[in-house]
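Here are some short exercises to work through with the model open beside you. Try each task before reading its solution.

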Amino acid sequence: MSPDHTCPDDSAGPFPLPPRTFTDRAGRDIEIRVYDGSEDEYEALVEMYRGFDSKDRAQGIPPGREERIRKWLDNILSSECLNVIAWDGLAVAGHATLVPDDESYELAIFVLQVYQQAGIGTHLIEALLGHGITSDITQVWLTVERWNNAAVGLYEKVGFEVSDSESFELQMGINLDNAETY
Amino acid sequence: MKILLGVDGTDTSLHALEQTVKRAKEAGDDVTVGIVTRDSDRSVAGTRSDVDEIIESSEIDVTVQHLDGDPGSQLVELAESEDFDKLVIGGGKRSPMGKIQIGSLAEFILLNSRITVSLIR
């Protein structure tokens, strides 16, 4: 990881605030809500990650075994992190998270295989950034494997720009200073 | 086995040294540490004393060399010119999120070394 998580200067947005509901491209009614910290939601997330296809793992996450999934979730669901979940009824379709790193936040997003390519990722990440803005977060960064065109395209669409392209992974950033929410 | 370990003074490189001497003690490896410098804020002397401390407590004989110049190419060149069996480096930090990230030194060595590379996470 580069110690310098340089983010672009231009502000992005505006971004929607969760909760949001929409119909995805496969006709499913999806609701995006902020994680409420309850055991039910925690267990539903564990269920989603248990069903996660190993080919969609990136840079070692999500972990493969349930025990390690729980340990990892304990870290990213702690109170200083921001989490939004995409629900299809009582089942989790996707999850996006912001984890603090000094002055900035690292972002990651996961969409279960059967819910991919239905527009859920875009809604999730936009709602997470909206939620981040209301929590006064200004700098967000992420890393992505450079061959993952679908993910890079999604991040660029919502306003991320490449800040470091000199290592295995691309590093991208977004500046939420002055970004509006709706 | 004749092993060259690259140490740049970072925590991951010192962790790799600890693992390497531990293994060497059991397997009887012949270990050489190549100290490289990457950023000006980390002194060679500081790295050297960290390295010496780990080697002393390991109770095995380890050769230590300072390598000037570009860290990656110096390590690869030494490993190949002196017939090492394996080049070992630390790398693979985790981000706050838990993503594994390969540093630029590890990346250079993985791509450019013609001898076997072990990446210690």
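Two residues are in contact here if their C-beta atoms, placed from the backbone, lie within 7 Å. This is a predicted model, where local features need pLDDT of at least 70, side-chain atom pairs count only at pLDDT 80 or more, and totals for chains, interfaces and linings use all residues. Residues are numbered from 1 along each chain as its sequence is written, with chains lettered from A and ligands numbered from 1 in the order in which they are written.

**Exercise 1.** Find how many residues each chain gives to the contact.

*Solution.* Start with the totals: 17 residues come from chain A and 11 residues from chain B. Next, look at chain B, where β6 (100-101) and α4 (104-112) each give two or more residues to the side that touches chain A. Finally, sort that side of chain B by class: 4 nonpolar, 4 polar and 3 charged residues.

**Exercise 2.** Work out how helix α1 (residues 39-50) and helix α2 (residues 66-76) of chain A pack.

*Solution.* First, take the geometry: the angle is about 130° and the axes are 10 Å apart. The pair α1(A) and α2(A) is therefore oblique (not under 35 degrees, over 145, or 65 to 115). Then list the contact: α1(A) supplies A:Y42, A:L45, A:V46, A:Y49 and A:R50, while α2(A) supplies A:E66, A:I69, A:R70 and A:L73. Last, classify them: 6 are nonpolar, 3 are charged and none is polar.

**Exercise 3.** Locate the "domain: N-acetyltransferase" in chain A.

*Solution.* The unreviewed UniProt entry lists residues 32-177 of chain A. In the model, this span is 33% helix and 32% strand, and its end C-alpha atoms lie 24 Å apart.

Terms used
Axes fitted to C-alpha atoms, helices over the stretch in contact; angles between N-to-C directions. Helix = DSSP H or I, 4+ residues; strand = E, 2+ residues; numbered from the N terminus. Nonpolar A, V, L, I, M, F, W, Y, C, P; charged D, E, K, R; others polar. UniProt positions renumbered as here; feature names shortened; annotations may be inferred.
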